[in-house]
Structures are given as C-alpha cells and as structure tokens.
Amino acid sequence: MVQSPPCQNVAVVLRIGEGSFTEGFAVELQILEDGCLIDKDSDFPRLGAAPEIPQCYQVWKPTYDALGRAIGSRAIQPVSAQVTHKSSLKTCLDMTKDFETKVKTWLSSSTFGMLRDRIQANVGVAADPSVPIILDCDTGDLEQDNLLRKLPWHTWDLFDRVNHAEVVLGARFARHTLPLQARVKTLAILGSDEGGLNLEEDIRALKELERNGSEIHIRLQPDREQLSKCLYHQSCDILFFAGHSFSDAGCQTGAIQLQNGVPLAIDDLREDLKQAIRNGLKLVIFNSCDGLGIARFIEQLSVAAKLRMPVMIVMREPVPDRVARKFLQYFLEEFSQGKPLYLAVRKARNRLHWLESDNKQPCPAATWLPIVCQNPNQPELVFPQLQPEPITSELQPDESQPKLESKTDQPPQLHPPDALKLLLIVGLVALGFPLVKVVPHVYNSIKDAIHTPVEPPIPTLPSPKIYNTLAEVPVPTVPTVPKNKVSFRYGGSTTWAPIRGSVDLAIEQTLPNFRLQYVNPPEGSIPSTGMGVEMLLNGEIDFAQASRLLNIKDIDNAQKKGMRLKAIPVAKSFKAIAVHPSLTLKNKGLTVHQIREICDGKITNWREVGGPDLPIQVFTRKTTDLIRTLGDKCRGKNAVSISTPQEVIQKLAETPGGFNVNTAPILVPQCSIKTLPVKNASGKFVAPYKEPLVSPTDCRVQPNQVHVEVFKSGEYPKELSDTLYVVVKEDGQIGQQAGEAYANLLLSNEGQKLLEAAGFVSIRQTR
C-alpha cells in the first residue's frame, strides 16, 4: 500500500474568548502536536472591535438566502419556485463583496498580524504538509460564537503565507477517531432531490473513491426504517449525505430530508448515529445546506456517549446545488489521490473561486461554504492508496461496481441502448413552479433505464369513466425506440404548481410510459391559464392546466384557428390570505368583504381592520388575464404586480404591511410568511391551515399543513374557491388523448386522494 508523506499532526488552535464585536475579544494561541499541547500564549492584545461585521451579516444573510432559493439550493423548503433574480443577484454580489471587505479589514488589524507571524514562524507548522487552523469560539454568547464560525476566515492573509493551512472549526476534546484503512467502506445516502437537485453528479463524483479502493453502498431516498438499518447494521468508514438539510437558529441541531416533503430531525437518528460511530464511522460529509447545527449535534452526541468523534465536513450556509456538486467533485479528486484531508478541502474550496465570478450564473460566497469540524486532538485523515493489482480470472466482472441499493433493492443492468435512454429522460418539474429548470429524478432515471416494453399506440380512448387506481387508466403511447422516448407536454396556471411536484410524480412512477414534460412559456411571457391556452393553440403543448373557465378571448382565438377547446374539471382549489408573520389583528383574521376592499384599494391601512397603523402593500401576480377569482383582481393603487409566486412570497416576507391572495397549497407551508383565518357566513373565523399555527422556528422542521377538511365541509368561504381544469383541443389527435388520459388519472379514486394530499379538494366523492 502506497501512502502520501506522513503528516506531523501539528495543529494550531485559535481560541477566541470573552468579549464581543463591540468591545473586541480575548484571544489565545495554542500549538498541538499529536494531540498534546506544546505551546500556549495568551499574552496578545485583544482582537479589535468590529461592530459593523454583525450588522453587515444581518443585511447580507437574507439576500443570500433569497438568491439561493432562486438559483436552487439544498436547503429544506416547503415550496420551491423560480425567482427572477437578476437584480437580487447584483445586490447579493455587492453585499458579499462589502461583507468580505469588512472581515478582511478586521483580520488585518495588528493583533491578527502578531498571531499570523507567530504561527508562520513555528517550526512544526512549517514542517507539516497540512496544518489545521482550528477556531475555538467561546465568547459566552452563542449568537456571537455562531457568527464567528461563519466568517470567511480564509481571507486572512495568514492563508496566503501558509499555503498548506486550512481553517477548521473546533469541537470539544474527545476520543479521536482511528485512521482510514483499506478497504474504505462508504455509505452514501441520497435524499430528496426536490427542487431539481442533480444528485446524479454526486454519484459520479463518488466514483473517485471507488476507483481508489473504496467499497461504496448507495441508498436512494431510503425511508426511515431503511436508513436505520443501514446505520445500525452496516459498518462504514465514511458516511455521505446529499440532498436537503438545515440547522436550527442556534446551530445546535438540524434536519435532513430523505424523501420529498418529509423532513427528519437529526435528533431522531441519535441511536442510529451512535451505533454507526461504534461500528467504525470516521468521516461524515453532509453535502447539503446549513450543516453547522448537524455537526454540533454529532459532536455533542460523541462526547456525551464517550465515543470516538468522527471528522465532519459540512456547508456553513445554504449551498447552491451547483456549488455542492463541484465541491464534492474537487474534494474527492484530491482526497482520493492521497492528499491529507485539510489540504484536500483547501484545494477543493479554492477551486470553487471561478463560480463566484462566472458570467453565466455566479454563485456569491462559494468559497466560504465548505468547512471541516473536528476534535482538536484528531490526527489528520488520509485516504489509503492501494497498489495496482493484476486482474486475475478469479476477479468478478462487477467487483469494482458500487453496490447500488435503490428502492427496488436491485442494481440496474444498463446495456448500451438503455444507457442512451438515460440521456433522453425528461426532467420532472420540481414542486411544479413554472420557469424552474429541473434535472432528472435520480430514482426514476435508474428505474427507467431498465428495459421498459413499448406499448402499441391507442387510436382512441374509451368513453370517460371513473377508475379506481392510476394503473387502471388507459394512456396513449407512441411507437418508439430507446433513442426517442416521447413525452407529453403541458403548461399553464401556477395554481397547479404543487400538483406537478407530487401528483404528477406519482403518475409517472405508476405509468413510466406516460411521460410528462412541463414547458416554460415563451421568453418574456408569464405563466398563467391564458398563456397555457395560447401555447395549446399554437401547438407548443399537448394540453393545458387551467384555474378558471375558458373565457371569450380563449374561445375566439380557438375559432380563428379553426379549433375547438374542451375544459375538463378535475379539482377545487381554495385561496388563502398571506401577510408578514409579525402582523397581528384584533379579530384574528379578515372577512371576505374586507379582503375585497383591500384588493380594490378601498382599505389601505391595517388599522382599518383592527391591525397596527401600517400602510397595506398589496402584492399580486402580473397577468393580463381577465380572471374572475379574488386575488388576481387586486388592482388598487396600493397593488404591485410581480411575475412569480416565489417573488411575491419573498416580497411579503420583507414587507411588514404586505398582503397577498394565492392558492392555499402554495402559501400555507411557507415559513417566512403566515396565512390568516377568514370569517365565514356563520361568523366563525376559519383558518386554511391545521391549527395550531406552527411558529416560524418550528416550521422548517414541520411546515404548516393545508386544512383540506374545512374546504370540503364548506366551513371555509366558498368565495375563495376556484375550479381546476384540464384543457384539450378537440381534434382527435394524440395530444387530446394525452390530456383526457391525464384528466382521467386525476379523476380516478387514487388521483383524487393524491390531489387532497397536495392540499386540493376532490371534485367528487371518492371511496
């Protein structure tokens, strides 16, 4: 076995103690070798005051988070949507530069210069090929500690002078984990790809470990029981997670998302993680958002149970999907070739620099995000290098293949024609919001790559009838070969967004030959019912999704083209009223009359409806449709038209006097806003969510749920309801067949139950 030059296991600990950004901090420098303290100096002047740093961070953070939601991050989000983010991108880039400048100014103060010179002059630091600069933040204020841990420390000029050092976040002293030994076992958990995450790239990056001797086991979206079995019974050296995650406000714990819409608190994995550590877990990588709380939880777990603490690599803030994928690729390229862990992380992090100034899609602060968290006396991990071995007849043909354990528990056998299918799979719409460019769902990519028999075309569909299950509904297909798999195109109203991400996914998983593809409206156009109908008439889609009846304009346009349209009702949708989470009203909610008056611009201050003396700012969707439903008719002088639902939500979260009307399944789960009860004809205030209302802090773990039962029972005002339609051209072509089949799927007993689970109301009684 060939190893890289041995590390000297020298570590530098920078202990930041009592103080504040207003008054400055006490600081102590420690030098450790093989976990033993060999030098300590606390006779330094206090680190300088920098009150502008927390102020600047508080301004930068929400802008960065909002941009992450727009470009696609690995944060847990109840509802995803595309945001037109050119202006917010420039703002975030400017704020990032300003914040980094303020931090660099602080790091260039005299005390930091003294610390830098002392570290650089240390003989052990100079001799060790890879040195961690471990930050131990214990100021007595948790909020200050967390901010210190999130600063871009790599901008300190120490790291320009000591180019083999890397910043590391220190954990409490504990039993260190053992070195990695061949053959390294890696357990990779790929969670929800909700929002269009390209987790297939993570799988490809893991091939670097496999090529260098690691035995890889991959689990795709396991359920809770499957994950427990993996952690409890399957020993591994490296635990890797990719998908969505977040940390709590205090960065003490967090949650991951295994499957779409199902967050799992990391505390629920307590016993499983303890057993995994006992089984030999040495390195944990969370290639997902906001992981400091998860790392802290594993640290406290290890110390409390007196276990060996694994080394952890996490992201300090929400991480764009693109950044996460590139970091993993770069890190594994370096680490698998034998570079010590800290040096591999540094090189990978530095290689992310181009993403910060990419002219196509810049990702601000990309180099700030990856960080190692570890016990200060931990010897550095190095990936063991295997000597090449001659291939013998006893070697199994697939011995070097990673062990892929999908939901079918069978590794797919890909033949060349089937592999070509993978290149042509059409991406699902991530949670359904328009304009979201998505990537193929990992699980379906693998499942669909397995040979799927081609069914003969169905010239005409049977007369409409009610089916029990999705599988019973006949669907049209087209004669095809693996190189040309047909998808049926659709588009239209944003009200359908939650359906596209849940119900349509169930349809495609049940009927893999009935493939659905969301089509964006033409550039410069806004998704709506009217635009969907126009695209249908222009042949750009096969059927449209509408949230209103066809109007005269739709019918006239069809007649001019010699066409007839048919609208098939499939579900009921109810609107909710959303406001800033800080808003309180004397009467708890609003009446329908008050909602109309606000929409019409006749009520312009919240004090007029029992609230604070605060101007009402109405946010409404920008659309040319003459829609009769409440909310889209908000056209008063205090109304601002915005293109997408997520932009509306973002504005609402930033505006204390904000007001918006939209479909309940979009608004209710959001954590940055809240929805209001509405007074019904009986004088009762009825909430669109299941009470009690979940607080913004707890919402990220368990979002508020739509209370479908109050819609079904008639308790919620019917004035806030819409009907959803599937619109087809009556031309007898396959597009009409596809649209009618889609409507039949939604009208089936199983389809109606899926619609209710997504927050909509069955248009008929189901069994």
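This report walks through the disulfide, the nonpolar cores and a few helices of the structure above. The model is predicted.

**The disulfide**

Let's start with the cysteines. The count of disulfides comes to 1. Cysteine 671 and cysteine 699 make this link, with their sulfur atoms 2.1 Å apart. The torsion about the S-S bond is -80°, and the link of cysteine 671 and cysteine 699 is left-handed. This pair joins distant parts of the chain, 28 residues apart: cysteine 671 sits in the loop between helix H21 (664-667) and strand E26 (674-676), while cysteine 699 belongs to helix H22 (residues 696-699). Cysteine 671 and cysteine 699 are both buried.

Two other cysteines are worth a look. Cysteine 137 has a relative accessible area of 12%, which is under 20%, so cysteine 137 counts as buried. Cysteine 251, with a relative accessible area of 4%, is buried too.

**Enclosed helices**

Next come two helices that are largely enclosed by the rest of the structure, H12 and H20. The table sets them out.

| Helix | Residues | Buried residues | Buried residues by name |
|---|---|---|---|
| H12 | 341-351 | 8 of the 11 residues | Leu341, Tyr342, Leu343, Ala344, Val345, Arg346, Ala348 and Arg349 |
| H20 | 645-654 | 7 of the 10 residues | Pro645, Gln646, Glu647, Val648, Ile649, Gln650 and Leu652 |

**The nonpolar cores**

Leu341, buried in H12, leads us on to the interior. The largest nonpolar core has 128 residues, and Trp106, Leu151, Trp153, Trp156, Phe331 and Leu341 have the most contacts inside it. Helix H11 (residues 321-335) supplies the largest share of this core, 8 residues. A second core, of 43 residues, lies apart from it and includes Leu583, Ile616, Ile666 and Val710.

Leucine 151 makes a good spot to zoom in. Setting aside its neighbours within four places in sequence, leucine 151 is in contact with Phe21, Ile53, Phe99, Val103, Trp106 and Arg316.

**Helices H7 and H11**

Helix H11 also has a partner to visit. The axes of helix H7 (residues 200-211) and H11 come within 8 Å and cross at roughly 5°. An angle under 35 degrees counts as roughly parallel, and H7 and H11 are therefore roughly parallel to each other. On the H7 side, Glu201, Asp202, Ala205, Leu206, Glu208 and Leu209 make the contact, and on the H11 side Arg325, Leu328, Gln329, Leu332 and Glu333 do so. Sorted by class, the contact of H7 with H11 has 5 nonpolar, 1 polar and 5 charged residues.

Key:
Residues are numbered from 1 along each chain as its sequence is written. This is a predicted model: local features need pLDDT of at least 70, side-chain atom pairs count only at pLDDT 80 or more; totals for chains, interfaces and linings use all residues. Side-chain values use heavy atoms; hydrogens and water are left out. A disulfide is a pair of cysteine sulfur atoms within 2.5 Å. Helices (H or I, at least four residues) and strands (E, at least two) are DSSP runs, numbered from the N terminus. Buried means under 20% relative accessible area, exposed over 50%, partly exposed in between (1.4 Å probe, protein chains only). A nonpolar core is a set of buried Ala, Val, Leu, Ile, Met, Phe, Trp, Tyr and Cys residues joined through side-chain atoms within 4.5 Å. Contact means heavy atoms within 4.5 Å. Axes are lines fitted to C-alpha atoms, for helices over the stretch in contact, and angles run from 0 to 180 degrees between N-to-C directions. Angles under 35 degrees count as roughly parallel, over 145 as roughly antiparallel, 65 to 115 as roughly perpendicular and the rest as oblique. Ala, Val, Leu, Ile, Met, Phe, Trp, Tyr, Cys and Pro count as nonpolar, Asp, Glu, Lys and Arg as charged, and the others, Gly among them, as polar.
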